[in-house]
Amino acid sequence: MYTSHIKLDICSIELISDVNNPWMVLIHGFGGSRHMWKRQVEEFKHDYNLMILELPGHGDSIHGASDHPDTDIVEIAKLLITHIHSKGIEKADFLCVSLGSLVMSTIVDLCPELVRSVLLCGAIFGMKRSMKLILKSGNLMKAFFPYMLVLRLLAWVLMPKRSHKVSRKFLVMECKKLGRKEFHKWYGILCSELDRLKQNIQKFIPLNAFVVMGREDFVFIQPALEELEPYKDTIPLTIMEECGHVCSLQKWREFNVIARKFFIEDRAATA
C-alpha cells in the first residue's frame with residue numbers, strides 16, 4: 001500500500017507491509033526521484049517498511065532548494081531527519097546512491113543514532129584533481145550555457161559508455177524536470193560538497209556500513225578505492241564488474257542480490 005506524505009520541502013512515498021517490519025529509507029542522487037527505486041521496492045517491500053524520500057526540487061516535492069538561496073546540504077539533511085522522526089522512526093537501514101551518499105554523510109554526522117546500517121551505492125569520496133577542475137569549471141560557466149547542454153555533458157562525463165545508456169538517459173530525463181534554476185542550485189551543492197563523505201568517513205566505522213561501486217565508474221571509483229583502503233576491515237567495498245556509476249539501475253538484479261545479502265542474509269547469520 002502506497003501512501004504519499006508531504007512535509008516541508010520533502011516528498012516521501014511510504015510502503016508499509018507490516019508494522020513489525022524494520023524501516024528502510026532510500027535517498028536518491030542528483031536529479032533522481034522515487035522512480036529510480038522501482039526494482040528495489042519490489043525486492044524489499046516484504047521485508048521492510050520503506051520510506052522513499054525525494055530531495056527538495058526533485059520528483060513530486062513541492063518546493064525546491066533554490067527557493068531558499070542559503071539552503072545547503074546541512075539544512076537539507078536536517079529536514080530529512082525531522083521528516084523521518086515525524087513518522088515515529090527511531091532507527092532505520094539506509095540505501096543511498098551518488099549524491100545521496102553526501103546527504104547520508106551529513107545525516108550520520110548530525111544524528112548517528114538514527115542509522116542501523118547503510119549501503120552507499122556509487123559513493124562520492126571526491127574526484128581526481130582534473131575531474132574536479134572540469135566539474136567546477138562547469139559550475140562557473142553554467143550561467144552562460146543552456147542548462148540542458150551542461151546536463152548532457154555531465155551525464156556523458158559520469159556515464160560515457162554505451163552500456164551506461166539506461167542510467168544516462170534516466171539522469172537526463174529526471175534532471176530536465178528540475179528546471180534551470182533548481183539544476184544550477186544542486187550542481188552548486190554537488191561541487192561544494194565533493195569531499196564531505198571523505199571527511200566524515202570515520203563516523204561510519206561504528207555503523208554497519210557497506211559500499212558498492214561500479215568498475216566503470218570512471219569518475220568516482222579511484223577516490224573510493226583510495227579512501228576505503230585503510231578501512232577495508234570495517235567498511236567493506238564490493239566492485240560490480242562492467243557497471244557504471246548507478247549500479248542500482250544499470251545492473252539492478254545483481255545489485256539487489258548484493259543488497260539483500262548485506263541487509264538481510266548477513267544480519268540473520270550473525271543474529
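**Core, rings and cysteines**

I will start with the core. The largest nonpolar core has 99 residues, and the members with the most contacts inside it are I27, F30, F94, M104 and L119. Please keep in mind that this is a predicted model.

Take L119 from that list. Leaving aside residues up to four places away in sequence, L119 touches F94, L95, C96, F210, V212, F255, A259, F262 and F263. F94 is itself among the core residues with the most contacts. Three other neighbours of L119, namely F210, F262 and F263, will come back in a moment, and so will C96.

Now the aromatic rings. How many aromatic pairs does a search of the whole structure find? There are seven. One of the pairs is F44 with Y48, an edge-to-face arrangement with 6.0 Å centre to centre and 75° between the planes. F44 is buried, at 0% relative accessibility, and Y48 is buried too, with a relative accessible area of 1%.

F183 and Y187 make another pair, with ring centres 5.8 Å apart. Their planes stand at 70°, so this pair is edge-to-face. Both residues sit in helix α7, which covers residues 180–192. Because F183 and Y187 are four residues apart in that helix, about one helical turn separates them. F183 is buried at 0% relative accessibility, and Y187 counts as buried at 4%.

Back to the neighbours of L119. F210, F262 and F263 belong to one aromatic cluster together with F44 and Y48. L119 therefore touches three members of this cluster, F210, F262 and F263.

Two rings have an arginine over the face. R39 lies over W252, 4.3 Å from the ring centre. R168 lies over W156, at 3.7 Å from the ring centre.

Last, the cysteines. How many disulfides does the structure hold? Zero. Why is C96 not bonded to C121? The sulfur of C121 is the closest cysteine sulfur to that of C96, but at 9.8 Å it is too far for a bond. C96, which L119 touches, is buried at 0% relative accessibility.

C247 is in no disulfide either, and its nearest cysteine sulfur, that of C243, is 3.8 Å away. A disulfide needs the two sulfur atoms within 2.5 Å. C247 is also buried, at 0% relative accessibility.

To recap: a largest nonpolar core of 99 residues, seven aromatic pairs, and zero disulfides. That is all from me.

Technical notes:
Residues are numbered from 1 along each chain as its sequence is written. This is a predicted model: local features need pLDDT of at least 70, side-chain atom pairs count only at pLDDT 80 or more; totals for chains, interfaces and linings use all residues. Side-chain values use heavy atoms; hydrogens and water are left out. A nonpolar core is a set of buried Ala, Val, Leu, Ile, Met, Phe, Trp, Tyr and Cys residues joined through side-chain atoms within 4.5 Å. Buried means under 20% relative accessible area, exposed over 50%, partly exposed in between (1.4 Å probe, protein chains only). Contact means heavy atoms within 4.5 Å. Rings of Phe, Tyr and Trp (its six-membered ring) pair if their centres lie within 6.5 Å; planes under 30 degrees apart count as stacked, over 60 as edge-to-face and the rest as tilted. Helices (H or I, at least four residues) and strands (E, at least two) are DSSP runs, numbered from the N terminus. A charge sits over a ring if NZ of Lys or CZ of Arg is within 6 Å of the ring centre and within 35 degrees of the ring normal.
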